[in-house]
Amino acid sequence: VQAATPIEKQKKLRVTLKKGEREMASYILNDYVTFENLPFDHYNITLFLDGTNLGTYFFKIKETSHGDK
């Protein structure tokens with residue numbers, strides 16, 4: 001996860017990864033945040049700026065046949 005525009009240094013953007021209601025990881029975004037070794041499933045990322053919820057983005061990691069687009 002990387003911000004499209006720079007974030008002011010004094011503000012803190014927290015990126016939280018959840019699988020359903022279960023929190024998998026949560027980090028303060030500096031330059032970028034990487035989530036590794038996620039199995040195929042449905043997830044969501046919520047962004048908090050100084051404690052204010054900016055939004056939640058839902059996504060799915062799915063297995064595809066090699067070469068499919």
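Buried, in what follows, means under 20% relative accessible area. I start there because T16, at a relative accessible area of 5%, falls under that cut-off and so counts as buried. One caveat before going on: this is a predicted model.

First, the sheet. It is open, it has four strands, and the order is 2-1-3-4 with antiparallel pairing. Strand 2, residues 22-28, and strand 4, residues 52-61, are the edge strands, each of them pairing on one side only. On average, and ignoring direction, neighbouring strands in this sheet are turned by 20° against each other.

Now strands 1 and 2. Strand 1 covers residues 13-19, and six bridges join it to strand 2, the two running antiparallel. They form a hairpin with two residues between the strands, and in that hairpin G20 takes a positive phi near 70°. For the register, V15 stands opposite Y27 in strand 2, and T16 stands opposite S26.

Back to T16, which lies in strand 1. What joins the side chains of T16 and S26? It is a polar contact of 2.9 Å. So this pair is opposite in the strand pairing and is also linked through its side chains. Setting aside neighbours within four places in sequence, T16 is in contact with E23, A25 and S26, and also with N44, I45, T46 and F48. As a general point, side chains in a regular strand alternate between the two faces of the sheet.

The other residue I want to show is F59. Where is it found? In strand 4, which is one of the two edge strands. Is F59 buried or exposed, or in between? Its relative accessibility is 29%, and partly exposed is the class between 20% and 50%, so F59 counts as partly exposed. Not counting residues up to four places away in sequence, F59 touches L17, and it also touches D41, H42, Y43, N44 and I45. Of these, N44 and I45 are also on the contact list of T16.

One distance for orientation: F59 and K11 are 48 residues apart in sequence, and their C-alpha atoms are 26 Å apart in space.

To recap the two residues: T16 is buried at 5% and has the polar contact with S26, while F59 is partly exposed at 29%.

Key:
Residues are numbered from 1 along each chain as its sequence is written. This is a predicted model: local features need pLDDT of at least 70, side-chain atom pairs count only at pLDDT 80 or more; totals for chains, interfaces and linings use all residues. Side-chain values use heavy atoms; hydrogens and water are left out. Two strands pair if DSSP finds at least two bridges between them. Axes are lines fitted to C-alpha atoms, for helices over the stretch in contact, and angles run from 0 to 180 degrees between N-to-C directions. Buried means under 20% relative accessible area, exposed over 50%, partly exposed in between (1.4 Å probe, protein chains only). Contact means heavy atoms within 4.5 Å. A polar contact is a pair of N or O atoms within 3.5 Å; within protein, one must be able to donate a hydrogen and the other to accept it, and residues adjacent in sequence count only if both atoms are side-chain atoms.
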